[in-house]
Amino acid sequence: MRSDRSRRVHAWNKPSLGARIAAYTGLAFMHVPVLVILLYAFTTDDRTYAFPPPGLTLRWFEAAFARSDIWTALRLSLSVAALATVSSLILGSLTALAMSRAKFRGKESIAFLLILPIALPGIVTGIALLTAIKSVAIDPGFWTIVAGHTTFCVVIVYNNVVARLRRLPRSWIEASMDLGADGWQTFRFIVLPQMATALLAGGMLAFALSFDEIIVTLFTAGHERTLPIWFFNELFRPRERPITNVVAVIVMVVTFIPILLAYYLTRAGDDGG
Amino acid sequence: MAAAIEFRNVARNYGEVRAVDGVSLSIAQGEFFAMLGPSGSGKTTCLRLIAGFEAPDGGSILLDGQDVTDRAPYERDVNTVFQDYALFPHMTVLQNVAYGLRVRKVPRDEQRRRALEMLELVKLSALGDRRPSQLSGGQRQRVSLARALINHPRVLLLDEPLGALDLKLREEMQIELKNLQRRLGITFVFVTHDQGEALSMADRVAVFNQGKIEQLDTPRALYTQPITTFVARFVGGANVIEGELAQRLRGSPQPFAVRAENVRLRKMDDTVSGQPESQCTRCPGTVMDVQYHGATTRCQVRLDSGELVSAASTDADVAILPAGAAVMVEWPHAAAVTLR
Amino acid sequence: MTAAVASNAAGVFRRAATFLYRRPNVYLALLLIPPLLWFGTVYLGSLFALLANSFYAIDEFTAKIVYQPTLATFKQVVTQPAHIDIILRTLVMAVAVTIACAIIALPIANYMVRYASPRRKALFYVGVMLPMWMSYLVKVYAWRLILAKQGILSWILESCGLQGVLDAVLGIPAIGGPSLSSSYIGMFIVFVYMWLPYMILPLAAALERVPESLLQASADLGARPRQTFWNVVLPLVVPGLAAGSVFTFSLTLGDYIIPSVVGAPGYFIGMMVYQQQGTAGNIPLAAAFSVVPIVLIMIYLQLAKRAGAFDAL
């Protein structure tokens, strides 16, 4: 019998059976779709959405990996995500370094500006970017995709890094300078190592966000097809649906793992400091 | 020989507040110097000005005769022991201590050798490979000391170094710091709000109040010859008599101080008089509180004229005085120190 | 590099470092110029271009943009009955989804915060955040599979003998349809699913802030758990509900993927924007349409602020 101290459930506060059922059902409901996708990636059926699946097989995975258009899309998504991550890491860190230290006029406005790309609906960001692209007569393509992704990945990196920097005591920096290190050395030896987990976490979240992005990318991609765009197009074509399922699993795995790692990194950072 | 540290009319403001208000002082080479005062008095700001973490708004700061007012902290031959120790958690103890050498690009093996030497000096040789988080408070303090000394600075600054330690450890460290300073022969400047600490360790003490130095003197002089009412009260908690009572007792409203240990209490019916009338000041009063401190006993007496006066005595009789007893408070004229 | 050159380079760096140390404003400016430049040109510039374009119109005959400021496009958006239909449809869906999310999130969040043991609570938190981390598109696709004519949901209902219920529901005019995956009901379900975590998390945070002592006082005065919930807890978590509703409302209002994938024929604002800039090439109309959700969200934010949402965030 566990001690009552570890539970906030008292006799007068016991949840009804209904409440418990509702809560757990709700929780399970939230995970059903993912399980469905995983299931369907292995079905032997190739035309309909029939449930339960008549059989299980790995042959769709083989077929998917043989498709060159999938590989092209995958390569594009990976390179876009890599570039967007790098640029948002740089811009996000610069901003975080500035905002964590001084008090200055316009600090709140900058914070607001950073969050705007995520706060406004994706459709607005998408159409705005497209309008701008057309106004300066550029052809939408690889670089416009990267530009769009960078813009909303910056705040992700910023949030992670600034939270970490705010916890860095000023006395450490003063101690480093006191012992003979100038600004660059202090940054290299003291600040950067402390920032490392935040950079990693922010970078992985940015990568996942960029890889999965569809809403804004549909506007800025022009004729290029990232993996989500490939996927979106396939949704309206019933043929080779199982291959679509396989790609869904790929997208899921590639985006989920970095986010999970970032979550554990941030948690570890909070405990270890 | 030039002074180790010199302040010439240094000022530092935070908005409207004058944290350091035209301070001038001169600290000699090899001196153990204390800056004492309540929080907000400007003593810590002065320390930070010496170190270079802040720049003065007026005046100049000289180290070894050279004007360093515009120099960054890493350009000054001064090192600091921080109040929170500021040890780098992602480095081992040895790496922390060697940091000052690492940034000067000293070769790796020499870094190690000299760091180990320093750890010996503070008696922590075995702990080189530990992380700061694995050390006790007292050990961390020694590591930060070793780290600050590795570059053999001309001046070592200590910002309330013993505040976080418990009483016994504090007393031990006081003796150790004093010995260390004597051995190394470098100038120590330390900041504290604990007047007992300042008096017992320093060669000279500067008493700060509201951004100014009220008195800069040896501990003995501060204690026996305070100049202002603030110093008299802050250093040793003397009784300060001013205004009407001063006028009545001495014929002039100039305030004066009398140390508690010079104040004697006599029972009203005590016929055995101590010193002749002409050499003593006497006032009647009522005992308010008696505190037993082991070696001494302190009495709070409210004079009939209203003021509260402290008397400290090793006399056993005093301990028996009940609260509310009527007593005669007296002190020799010579014990009164005139204040500004 | 010779020693002299190396030390010179080091000297330059050090001088630069000292310069920046003594002039913190220059340091700050250097840090902020690249990101601000980026955001200023790429993002704000785009928003400005969008706004500008919404004030242009398209020439009906040449199908080219006429670069003269006019309110004609806006008029089109708010006066044409088809357009009004679209806006209302989107608005109604956004409100419905918000309400449904609130209703479903409350028991989950309440249980999670109040009754779950510390270990279970951690499980719940991760369980709620996990779907958020899953790919958006994959989730939408999964629902299409589930809601399809011979998908999982119809299989479950068939095996439970509830086929009739499904047909009846699909038969409801206006929101029903040939199958769940091409009806408003289906769309509604998907929306609720997608944004549920965004409602649960702020709500849970608000619930955490309700002091245990209030609940004890209420029980002490004789209230049963349900009464305590309605009279004490619910009024106190309105800011949390408001904060969560900001997400559900604005996310639904602007979405165009879900209506396209799991959709009835009727257009939503997002779809309109996407379509107008694509095949129709009518950027001014697309721009004007995209201003609508901005305005609606601004209004909603004001209401939410009044309800205390920003203190809860």
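# Three chains, term by term

Colleague: In chain B, the domain assignment gives domain 1 (5-228) and domain 2 (239-338); where do these bounds come from?

Modeller: The bounds come from an automatic or database domain assignment, and the centres of domain 1 and domain 2 of chain B, taken over C-alpha atoms, are separated by 40 Å. This is a predicted model, in which local features need pLDDT of at least 70 and side-chain atom pairs count only at pLDDT 80 or more, while totals for chains, interfaces and linings use all residues. Residues are numbered from 1 along each chain as its sequence is written, and chains are lettered from A and ligands numbered from 1 in the order in which they are written.

Colleague: How many helices and strands does chain B have, and what makes a run of residues count as one or the other?

Modeller: Chain B has 10 helices and 18 strands, where a helix is a DSSP run of H or I with at least four residues and a strand is a run of E with at least two, numbered from the N terminus. Along the principal axes, the C-alpha atoms of chain B fill a box of roughly 80 × 45 × 35 Å.

Colleague: What makes S11 and S12 of chain B paired strands?

Modeller: Pairing requires that DSSP find at least two bridges between two strands; S11(B) and S12(B) (residues 256-258) are joined by 3 bridges and run antiparallel, so they count as a pair. Ile241(B) stands opposite Phe256(B) in S12(B). The open sheet that holds them has 3 strands in the order S11-S12-S18 (chain B), with antiparallel pairing. Strands S11 (239-241) and S18 (337-338) of chain B each have a single partner strand and therefore stand at the edges, with one side left without a neighbour in the sheet.

Colleague: Which strands stand at the edges of the sheet of 5 strands in chain B, and why?

Modeller: This open sheet has the order S13-S17-S14-S15-S16 (chain B), again with antiparallel pairing. S13 (264-267) and S16 (308-313) of chain B are the edge strands, because each has a single partner strand and so has one side without a neighbour in the sheet. Neighbouring strands here are turned by 45° against each other on average, direction ignored (axes are lines fitted to C-alpha atoms). Strand S15 (residues 297-303) of chain B is joined to S16(B) by 6 bridges and runs antiparallel to it, with Cys299(B) opposite Ala311(B) in S16(B).

Colleague: Why is Ser54(C) called buried?

Modeller: A residue is buried if 20 or more other C-beta atoms, placed from the backbone, lie within 10 Å of its own, exposed if 12 or fewer, and partly exposed in between; Ser54(C) has 24 such neighbours and therefore counts as buried. Ser54(C) lies in helix H2 (residues 24-54) of chain C. Leaving aside neighbours within four places in sequence, Ser54(C) is in contact (C-beta atoms within 7 Å) with Thr73(C), Phe74(C), Pro284(C), Ala287(C), Ala288(C) and Val291(C).

Colleague: What makes up the side of chain C that touches chain A, by class?

Modeller: Here 73 residues of chain C are in contact with 65 residues of chain A. H2(C) gives the most to the chain C side, with 16 residues. By class, that side has 55 nonpolar, 14 polar and 4 charged residues, where Ala, Val, Leu, Ile, Met, Phe, Trp, Tyr, Cys and Pro count as nonpolar, Asp, Glu, Lys and Arg as charged, and the others, Gly among them, as polar.

Conventions: Two residues are in contact if their C-beta atoms, placed from the backbone, lie within 7 Å. Axes are lines fitted to C-alpha atoms, for helices over the stretch in contact, and angles run from 0 to 180 degrees between N-to-C directions.
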